[in-house]
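Trainee: I should like to learn how pairs of aromatic rings are read in a protein model. May we work through one together?

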Amino acid sequence: MSDEILIIVTISVIIFTSPLLSRVLKIPTIPIEIMLGAFAVYFSLLVEHPLLELVAELGFLYLMFLAGLEVDLRKLINIPSVILKKSLFYNVILFSLSAAITMYFKLGNIFIVTLPLISIGILAALKKEYGDVEWIRMAIVVGLIGEIVSIFALTTVSAILEFGLTWEFYKTMLLFIVFMILMTILYKLFNNVVWWYPEIKTYLMPTEDNQEQDIRVSMAIFFVMIAVMIYLKLEVAFGAFIAGTFITTFFEHNKQLPHKLEHFGFGWLVPIFFIYVGSSFELEELFHDGLIVTAFLIVFAMIFIRLVASLLFIKEMGVNKFFMLGLSHSMPLTLLIAVTTLAYQSHAITQFYYYAFILASILEVLIVMIVIRILTNYLGIKKVKAS
């Protein structure tokens, strides 16, 4: 059997069986997909292949796109100043605690950046499972600020590791700032255009559509933003995220579109990414001396600093739910893997710490998703049926 056929069959079986095992084992689907991906590689059912890597990368970008769909910029602009200030201070606390831990244990400087990373991509999966509940809405708002900070950190680290403190580094950072300014101008411009000519929205996405034009427009925006970020040599994931926010902000009249895009993504594309994440870890490495302990210490540190920072939101979320915000931000799976991969390829960290971070990123999803499931079931935290 050729590698291509084996990969297709294996992924198909995992995608089909994951939700079934989830119901039987009472474990969220994402950790199961990651574990099955690791086992598939161990038993040689999955092998390295450029096509698998490409589809997995597309799945990651689509997950960031779905995360962007959760953010309406118009509502974000109108969030209370208190929440905005607390969100910014939340990130200050994360980076401060991260720096303190790094200096106390004499770790590499890369830990200052990796420990506080926030990625709300997994929050899209949490919302799919637990519904549009209050703690997820707050986590998305606060997480968006954190993700922007994390994307800026990722862009900075990527540029430093690639170019060092040279002109090329300052050029990349300047380009990123200019890009953000241009996106702000484009937002305001398009916002004015649709205010004066609201029929543009229904022209691009008709109310009665038998040609799936809404999906076509969404995918066009998605891929154009990816192309722009690749051309500018900026973080592609951020482009996918912006594409999602653009659609939610300006095409709010199409209430079914986010659900259609979610069904499309979570049905097959996003699971392939999680399977690939599991396949990136070799189970034999678990027996490397001290690896598991180091990975658990990284997990503990990342969860701890977020729980401490989430104390800021006790007033808004209550004593019995504020920690859900910290927990939901403790799974920066995609960005953590991206940063550690860049650091490893640039020899900023050893292979030992690379595997430790990969294992930690997987353990975080497993532990946090299971803890969240336990808390929602046994502490009476509200859960509503996802749309």
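Mentor: The following dialogue concerns aromatic pairs. This is a predicted model, in which local features need pLDDT of at least 70, side-chain atom pairs count only at pLDDT 80 or more, and totals for chains, interfaces and linings use all residues. Residues are numbered from 1 along each chain as its sequence is written, and side-chain values use heavy atoms, with hydrogens and water left out.

Trainee: What describes a pair of aromatic rings?

Mentor: The distance of the centres and the angle of the planes describe such a pair. Rings of Phe, Tyr and Trp (its six-membered ring) pair if their centres lie within 6.5 Å; planes under 30 degrees apart are stacked, over 60 edge-to-face, and the rest tilted. Searching the whole structure yields 23 aromatic pairs. One of them, Tyr187 with Phe250, is tilted, at 5.5 Å centre to centre and 45 degrees between the planes.

Trainee: Which parts of the chain does the pair of Tyr187 and Phe250 link?

Mentor: Helices (H or I, at least four residues) are DSSP runs, numbered from the N terminus. Tyr187 belongs to helix H9 (residues 167–196) and Phe250 to helix H12 (residues 236–250), so the pair links distant parts of the chain, 63 residues apart.

Trainee: Is Phe250 buried or exposed?

Mentor: Buried means under 20% relative accessible area, exposed over 50%, and partly exposed in between (1.4 Å probe, protein chains only). Phe250 is buried because its relative accessible area is 1%; Tyr187, at 15%, also counts as buried.

Trainee: Why is the pair of Phe300 and Phe304 stacked?

Mentor: That pair is stacked because the planes stand at 15 degrees, with the ring centres 6.0 Å apart. Both residues lie in helix H14 (residues 291–309), four residues apart, about one turn of the helix. Phe300 is exposed at 55%, whereas Phe304 is partly exposed at 39%.

Methods: Helices (H or I, at least four residues) and strands (E, at least two) are DSSP runs, numbered from the N terminus.
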